[in-house]
Amino acid sequence: MLPNVGDVFSGKVVSTVPFGSFIEHPAGAHGLLHGQQAEVGASVQVKVLAVDAVQQRFSLELA
């Protein structure tokens, strides 16, 4: 299940890549926090910026 644009949640950092960090939504989906390198396992407060239902992904910013 994907979140809605504007949703704010606390998620766990599951991996980092050169262009950002992937955050796990409480429902299990992973979204990209672009341009932010966070420590794997850390909990971060994020806001959903955009959702792509076709590709089953969403983008985030720090809340």
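**Figure 1. Leucine 60 and the residues around it.** In this predicted model, leucine 60 touches Phe9, Ile23, Gly31, Leu32, Leu33, His34, Val46, Lys47, Val48 and Leu49, with residues up to four places away in sequence left out of the list. One of those contacts is also a strand pairing: leucine 33 stands opposite leucine 60 in strand 5. The pairing behind it, strand 3 with strand 5, runs in the parallel sense and has two bridges.

**Figure 2. The largest nonpolar core.** Leucine 60 turns up again here, as part of a set of 12 residues: Leu2, Phe9, Val13, Ile23, Ala29, Leu33, Ala38, Val44, Val46, Val48, Phe58 and Leu60. Who supplies them? Strand 1 (8-17), strand 4 (43-52) and strand 5 (57-62) each put in at least two residues. Strand 4 gives the largest share, three residues. As a bit of background, nonpolar side chains in soluble globular proteins tend to be buried together.

**Figure 3. Valine 48, a core residue in strand 4.** Valine 48 sits in strand 4 and belongs to the largest nonpolar core. Its relative accessible area is 2%, so valine 48 counts as buried. Beyond four places in sequence, valine 48 touches Pro3, Asn4, Val5, Gly6, Asp7, Phe9, Phe58, Ser59 and Leu60. For a sense of scale, pick glutamine 36: valine 48 and glutamine 36 are 12 residues apart in sequence, and their C-alpha atoms are 14 Å apart in space.

**Figure 4. How the strands go round.** In what order do the five strands close into a barrel? The order is 1-2-3-5-4, and the pairing is mixed. On average, neighbouring strands of this sheet are turned by 50° against each other, direction ignored. Both senses of pairing can be picked out. Strand 4 and strand 5 run antiparallel and are joined by six bridges, with lysine 47 standing opposite glutamate 61 in strand 5. Strand 3 and strand 5, on the other hand, pair in the parallel sense. If you're tracing side chains along any of this, keep in mind that in a regular strand they alternate between the two faces of the sheet.

**Figure 5. The hairpin of strand 2 and strand 3.** These two strands pair in the antiparallel sense over five bridges. One of the partnerships to look for is phenylalanine 22 with leucine 32 in strand 3. Five residues lie between the strands of this hairpin, and glycine 28 takes a positive phi near 110° there.

**Figure 6. Histidine 25 in the loop.** Stay with the hairpin and look at histidine 25, in the loop between strand 2 (20-24) and strand 3 (30-34). Is histidine 25 buried or exposed? At 15% relative accessibility, histidine 25 counts as buried, because the cut-off for buried is under 20%. A polar atom of the histidine 25 side chain lies 3.0 Å from the backbone nitrogen of alanine 27. Further off in sequence, with residues up to four places away set aside, histidine 25 touches Pro3, Phe9 and Phe58. Phe9 and Phe58 are both listed in the largest nonpolar core.

**Figure 7. Serine 21, a polar residue at 0%.** Serine 21 lies in strand 2, and with a relative accessible area of 0% this serine is buried. What does its side chain have for polar company? A polar atom of the serine 21 side chain lies 3.0 Å from the backbone nitrogen of alanine 38. The wider contact list, leaving aside neighbours within four places in sequence, runs to Val13, Ser15, Thr16, Gly31, Leu32, Leu33, Gln36, Gln37 and Ala38.

**Figure 8. The one salt bridge.** The count of salt bridges comes to one. Arginine 57 and aspartate 52 make it through their side chains, at 3.9 Å from N to O. Arginine 57 is partly exposed, with a relative accessible area of 49%, and aspartate 52 is partly exposed too, at 27%. In general, side chains of opposite charge can pair when their charged atoms come close.

**Figure 9. Glycine 41, between strand 3 and strand 4.** Glycine 41 lies in the loop that links these two strands. With a relative accessible area of 47%, glycine 41 is partly exposed. Apart from neighbours within four places in sequence, glycine 41 is in contact with Lys12 and Val13. Aspartate 52 is 11 residues from glycine 41 along the chain, and 25 Å separates their C-alpha atoms.

Technical notes. Residues are numbered from 1 along each chain as its sequence is written. This is a predicted model: local features need pLDDT of at least 70, side-chain atom pairs count only at pLDDT 80 or more; totals for chains, interfaces and linings use all residues. Side-chain values use heavy atoms; hydrogens and water are left out. Helices (H or I, at least four residues) and strands (E, at least two) are DSSP runs, numbered from the N terminus. Buried means under 20% relative accessible area, exposed over 50%, partly exposed in between (1.4 Å probe, protein chains only). A polar contact is a pair of N or O atoms within 3.5 Å; within protein, one must be able to donate a hydrogen and the other to accept it, and residues adjacent in sequence count only if both atoms are side-chain atoms. Contact means heavy atoms within 4.5 Å. A nonpolar core is a set of buried Ala, Val, Leu, Ile, Met, Phe, Trp, Tyr and Cys residues joined through side-chain atoms within 4.5 Å. A salt bridge is a side-chain nitrogen of Lys or Arg within 4 Å of a carboxyl oxygen of Asp or Glu. Two strands pair if DSSP finds at least two bridges between them. Axes are lines fitted to C-alpha atoms, for helices over the stretch in contact, and angles run from 0 to 180 degrees between N-to-C directions.
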